[in-house]
Amino acid sequence: MLGTLRVVRLGSASLERLAHGPLKPGRVHSVFERAVNVLWGDGRLLTLHGPGLLAAPFAIALERLPARVVVAPGMPIGRSDFEWAEALRVPLEMPNGPLGFDAHALPEPPCARALCCGAGLHAREALERGIAARDARAFADAACALIGLGEGLTPAGDDCVLGALAALHRLAPDRLAGHGGQCDRVADAARRRTTDIARDFLLEALDGRFAEPVLALLAAASGDDAGRAARRLASAGATSGADTLCGIRLAFRALVGPRS
């Protein structure tokens, strides 16, 4: 009933998982209006959606997403259901190097309530202090406190940590590469304390891979490009994009310093 799932766009890591992963078929994990999540044979998710920018580092853009009425949780999907020979391979690894825009000029849309008071605000401040002080343990402590905080498919705290990791991979990748033990703590929290979807976003982020809208912002070549990319990101989900932007902004403040 599915027909052939024709892939038009995917990242190299997703291609590797699709082409050379376990032969065991995946199973549909969850079905939404614009996306289908598949629990692949390796125990991680692949997100299927229609043509356009890859909305997750583990996303696969199809020529056409199957109609919702023919896809149900638990349905088997294997590599033989896909056709990817002509698909565009997209680099989803965060490039490192200086920004092409003023880090202080990004918009600051309202973020989720969970980040604005109590434990969320305290953990955000601790995350920023840990980055500024080059204290990997303090950063991991704060990240672990944020993971799982809030509601939704990707809780607000997870989105904030994701944004901070994106900024670190762009501007200071050595602060992650030199502290594998602390990154392992964050990965363990992602596996134990949050949703399946947020888990995989965070595990990919720790490895330096991000959705295309996040990459578009941090790799922007000018302030105008960055502004447009930030507005697109902020519009994603209920507050998911804004919460990711919150994490990016706090990491920028910690890495670049206050506006002079």
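## Cavities

In this predicted model, the count of enclosed cavities of 30 Å³ or more comes to three. The largest cavity holds about 90 Å³ of space, and its lining is made up of Gly130, Ile131, Arg134, Asp135, Ala136, Phe139, Leu168, Arg175, Leu176 and His179. Sorted by class, the lining of the largest cavity has five nonpolar, two polar and three charged residues. Three helices, α2 (118-132), α3 and α5 (174-177), each supply at least two residues of this lining.

The second largest cavity holds about 60 Å³, and the residues around it are Ala136, Phe139, Ala140, Arg175, Leu176, His179, Gln182, Cys183, Val186 and Leu206. Two or more residues of the lining of the second largest cavity come from each of α3, α5 and α6 (180-193). Seven residues of this second lining are nonpolar, two are polar and one is charged. Ala136, Phe139, Arg175, Leu176 and His179 appear in the linings of both cavities.

## A residue with a positive phi

Arg134, one of the residues that line the largest cavity, is placed in the loop between α2 and α3. Most residues other than glycine have a negative phi. Arg134 is not a glycine, and yet its phi is positive, at about 55°. Is Arg134 buried or exposed? Arg134 counts as exposed, because its relative accessibility is 57% and the cut-off for exposed is over 50%.

## The largest pocket

A pocket, unlike a cavity, is open, and the largest pocket in this model has a volume of about 1,100 Å³. Its lining comprises 41 residues, of which Ala55, Phe201, Ala236, Gly237 and Ser240 are the closest to the centre of the pocket. By class, this lining has 23 nonpolar, eleven polar and seven charged residues.

Both strands and helices take part in the lining of the largest pocket, since β3 (35-39), β4 (45-49), α4, α7 (196-206), α8 (212-218), α9 (223-234) and α10 (240-256) each supply at least two residues.

## The nonpolar cores

In soluble globular proteins, nonpolar side chains tend to be buried together. Here the largest nonpolar core has 66 residues, and those with the most contacts inside it are Leu106, Leu165, Phe210, Leu217, Leu218 and Phe252. Helix α4 (residues 156-171) gives the most to this core, contributing nine residues. Another core, of 23 residues, lies apart from the largest one and includes Leu2, Leu48, Leu62 and Val70.

Phe210 shows how one member of the largest core meets residues from several parts of the chain: when its neighbours within four places in sequence are left aside, Phe210 is in contact with Pro57, Leu92, Met94, Leu162, Leu165, Ala166, His169, Ala205 and Leu215. One of these partners, Leu165, is itself among the residues with the most contacts inside the core.

## How helices α3 and α4 pack

Two packed helices are described by the angle between their axes and the distance between the axes. For helix α3 (residues 136-146) and α4, the angle is about 145° and the axes are 8 Å apart.

Which residues of α3 and α4 meet? On the side of α3 they are Phe139, Ala143 and Leu146, and on the side of α4 they are Gly157, Asp158, Cys160, Val161, Leu165 and Leu168. The residues of this contact divide into seven nonpolar, one polar and one charged.

## Helix α1 and its cover

In helix α1 (residues 12-20), the buried residues are Ser14, Leu15, Arg17, Leu18 and Ala19. The elements that cover these buried residues of α1 include β1 (5-11), β4, β5 (59-62), β7 (82-83) and β8 (88-90).

## Two residues on either side of the start of α8

Asp207 lies in the loop between α7 and α8, and it is exposed, because its relative accessible area is 52% and the cut-off for exposed is over 50%. Although Asp207 and Cys183 are 24 residues apart in sequence, their C-alpha atoms are 9.6 Å apart in space.

Pro213 has its place in helix α8, and with a relative accessible area of 26% it is partly exposed. Pro213 and Ala234 are 21 residues apart in sequence, while the distance between them in space, C-alpha to C-alpha, is 9.8 Å. With its neighbours within four places in sequence left aside, Pro213 is in contact with Leu54 and Leu233.

Definitions and conventions. Residues are numbered from 1 along each chain as its sequence is written. This is a predicted model: local features need pLDDT of at least 70, side-chain atom pairs count only at pLDDT 80 or more; totals for chains, interfaces and linings use all residues. Side-chain values use heavy atoms; hydrogens and water are left out. A nonpolar core is a set of buried Ala, Val, Leu, Ile, Met, Phe, Trp, Tyr and Cys residues joined through side-chain atoms within 4.5 Å. Buried means under 20% relative accessible area, exposed over 50%, partly exposed in between (1.4 Å probe, protein chains only). Helices (H or I, at least four residues) and strands (E, at least two) are DSSP runs, numbered from the N terminus. Contact means heavy atoms within 4.5 Å. Axes are lines fitted to C-alpha atoms, for helices over the stretch in contact, and angles run from 0 to 180 degrees between N-to-C directions. Ala, Val, Leu, Ile, Met, Phe, Trp, Tyr, Cys and Pro count as nonpolar, Asp, Glu, Lys and Arg as charged, and the others, Gly among them, as polar. On a 1 Å grid over the protein atoms alone, a cavity is a set of points where a 1.4 Å probe fits but cannot get out, and a pocket is an open set with protein on both sides within 12 Å along at least five of seven lines; lining residues have an atom within 4 Å of a point. Grid points are joined across faces, edges and corners, and a volume is the space filled by probe spheres set on the points.
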